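Work through these exercises with the structure open beside you. Try each task before you read its solution.

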Amino acid sequence: MITASQKPIDEIVDLIKPYQKVLVLGCGTCVKTCFAGGEDEVAVLASALRLKFKQLAQNIKFEEFTIERQCENEFIQEAAIAIGRNDAILSLACGAGVQAMAKRFEKDVVLPGVNTTFIGIRESPGVFTEECSGCGNCGLATFGGVCPVTRCSKKLLNGPCGGSRNGLCEIDPDTECAWHKIIERLTALGQMDNLKTYIPPKNWDTSLSGGPRKLIREDHII
Amino acid sequence: MKISNTPKLTLFHCLNSFKETASMFDGCEARTVKMACSSMTKDVHLLRAFESGADAVLVLVCSDKGCRFAEGSIRAKKRVEYVKTILDDIGMDGRRLNIFNTAAKDEGSITNIIQDTIVQLETLGPNPALNRRN
Ligand code: SF4
Ligand code: SF4
């Protein structure tokens with residue numbers, strides 16, 4: 001899933017104050033799961049904004065709506081009528097969702113209400129961790145299913161570095177040492193031999209460093 | 001329209017933490033919201049109480065260990081803390097919202113909580129999002 005967190009209210013207030021009618025638009029998939037942009041967060045943010053603008057004596061009308069996914073046209077369409085009666089959309093989807101809305105509704109103002117943070121998982125209730133950097137060339141098979149590109153503070157492909165303490169990273173003791181995890185997993189899998197192979201410097205061409213990426217599936221294009 | 005200067009209080013409570021008595025709400029206009037369990041305390045409901053005109057909102061719940069549904073009071077406390085930060089962020093002052101552990105039979109303590117809140121409102125003033133006393 002994509003994780004995000006709500007922007008500070010003051011920043012949102014500055015973004016929306018030029019408008020009279022604002023649609024607070026939630027996304028019911030990733031950002032709902034991480035409590036940033038689902039139906040509940042739309043309701044809380046809209047309520048907080050109404051209270052804020054009443055204090056500023058500025059009459060902004062807020063409409064609340066949430067669609068299943070803001071990154072897919074089929075779902076986006078459901079918001080069309082609500083978008084039509086507002087001056088601006090405050091999208092609580094990730095950056096992909098905000099841009100999908102902006103592409104679909106070319107003449108409408110689409111503003112981001114959240115900061116998109118990472119590709120991750122819900123580790124435990126209320127805790128989300130980054131797991132993948134979308135490098136475009138996945139090496140998880142070698143590393144026992146633990147990504148050093150994302151989870152090792154130094155992004156070491158031939159680790160560990162030697163600074164690991166009790167399974168924790170020397171850079172940040174709140175972070176698990178990815179290489180400690182890799183070795184634990186490879187030991188359990190009987191695949192420690194994986195680490196005898198030197199892994200050459202990573203080719204970052206397949207990552208964002210190689211420029212904006214596009215995925216094309218000819219078999220799905222008519 | 002007649003404009004009221006009496007402080008308005010909205011009180012959310014679980015079934016076991018509150019029982020109204022005649023003089024409890026002297027000096028304020030009160031709305032009470034009964035919840036089957038304090039775990040039903042929701043951030044949006046607390047905010048909407050302020051939108052509906054409350055100058056202060058109280059949440060009364062069982063003791064942390066006394067909740068019949070295990071973690072209700074703890075969850076309620078976390079949500080109240082979160083909404084307090086929102087109130088601070090929007091200039092409403094998080095001190096308008098408070099949560100207390102109470103028992104329905106302890107009417108004296110509950111009355112004190114309500115009356116202390118009314119006194120505190122003299123400092124905090126009316127709900128700044130509503131201009132009814134301006
Ligand atoms: S718009 Fe973003 S948050 Fe919503 S479903 Fe798509 S990827 Fe997930
Ligand atoms: S190796 Fe690349 S694709 Fe695989 S999990 Fe790590 S960052 Fe993601």
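**Exercise 1.** Is A:A57 buried or exposed?

*Solution.* Remember that this is a predicted model. Start with the location: A:A57 sits in the loop between α3 (39–55) and β3 (61–67) of chain A. Next, take the relative accessible area, which is 67%. The cut-off for exposed is over 50%. Therefore A:A57 is exposed. Now check the backbone. A:A57 is not a glycine, yet its phi is positive, about 55°. Most residues other than glycine have a negative phi.

**Exercise 2.** Find where A:N166 lies, then classify its exposure and its phi.

*Solution.* First, the place: A:N166 belongs to the loop between α7 and α8 of chain A. Second, the exposure: a relative accessible area of 79% makes A:N166 exposed. Third, the phi: A:N166 has a positive value near 50°, and it is a residue other than glycine.

**Exercise 3.** Which residues does the cis peptide bond join, with omega about -5°?

*Solution.* The bond links A:G159 and A:P160. Then place the proline: A:P160 is in the loop between α7 and α8 (178–189) of chain A. Most peptide bonds are trans.

**Exercise 4.** Describe the surroundings of A:T150, from its helix to its contacts.

*Solution.* Step one: A:T150 is part of helix α7 (residues 148–151) of chain A. Step two: its relative accessibility is 14%, so A:T150 counts as buried. The cut-off here is under 20%. Step three: leave out residues up to four places away in sequence, and A:T150 touches A:E130, A:E131, A:C132 and A:S133. Step four: look at the side chains. Those of A:T150 and A:S133 make a polar contact at 2.7 Å.

**Exercise 5.** What surrounds ligand 2, and what surrounds ligand 1?

*Solution.* Take ligand 2 first. Its shell includes A:T150, A:S133 and A:C132. By class, that shell has five nonpolar, four polar and no charged residues. Now turn to ligand 1. Among its neighbours are A:I2, A:C27, A:R69 and A:C94. The shell around ligand 1 holds seven nonpolar, three polar and one charged residues.

**Exercise 6.** How many cavities of 30 Å³ or more are there, and which residues lie nearest the centre of the largest cavity?

*Solution.* Count first: there is one cavity of 30 Å³ or more. The volume of the largest cavity is about 110 Å³. Next, the lining: it has 15 residues, with A:C152, A:S153, A:C161, A:C169 and A:C177 nearest the centre. Finally, sort the lining by class: nine nonpolar, two polar and four charged.

How values were computed: Residues are numbered from 1 along each chain as its sequence is written. Chains are lettered from A and ligands numbered from 1 in the order in which they are written. This is a predicted model: local features need pLDDT of at least 70, side-chain atom pairs count only at pLDDT 80 or more; totals for chains, interfaces and linings use all residues. Side-chain values use heavy atoms; hydrogens and water are left out. A residue is near a molecule or strand if one of its heavy atoms lies within 4 Å of it. Ala, Val, Leu, Ile, Met, Phe, Trp, Tyr, Cys and Pro count as nonpolar, Asp, Glu, Lys and Arg as charged, and the others, Gly among them, as polar. Helices (H or I, at least four residues) and strands (E, at least two) are DSSP runs, numbered from the N terminus. Buried means under 20% relative accessible area, exposed over 50%, partly exposed in between (1.4 Å probe, protein chains only). A polar contact is a pair of N or O atoms within 3.5 Å; within protein, one must be able to donate a hydrogen and the other to accept it, and residues adjacent in sequence count only if both atoms are side-chain atoms. Contact means heavy atoms within 4.5 Å. On a 1 Å grid over the protein atoms alone, a cavity is a set of points where a 1.4 Å probe fits but cannot get out, and a pocket is an open set with protein on both sides within 12 Å along at least five of seven lines; lining residues have an atom within 4 Å of a point. Grid points are joined across faces, edges and corners, and a volume is the space filled by probe spheres set on the points.
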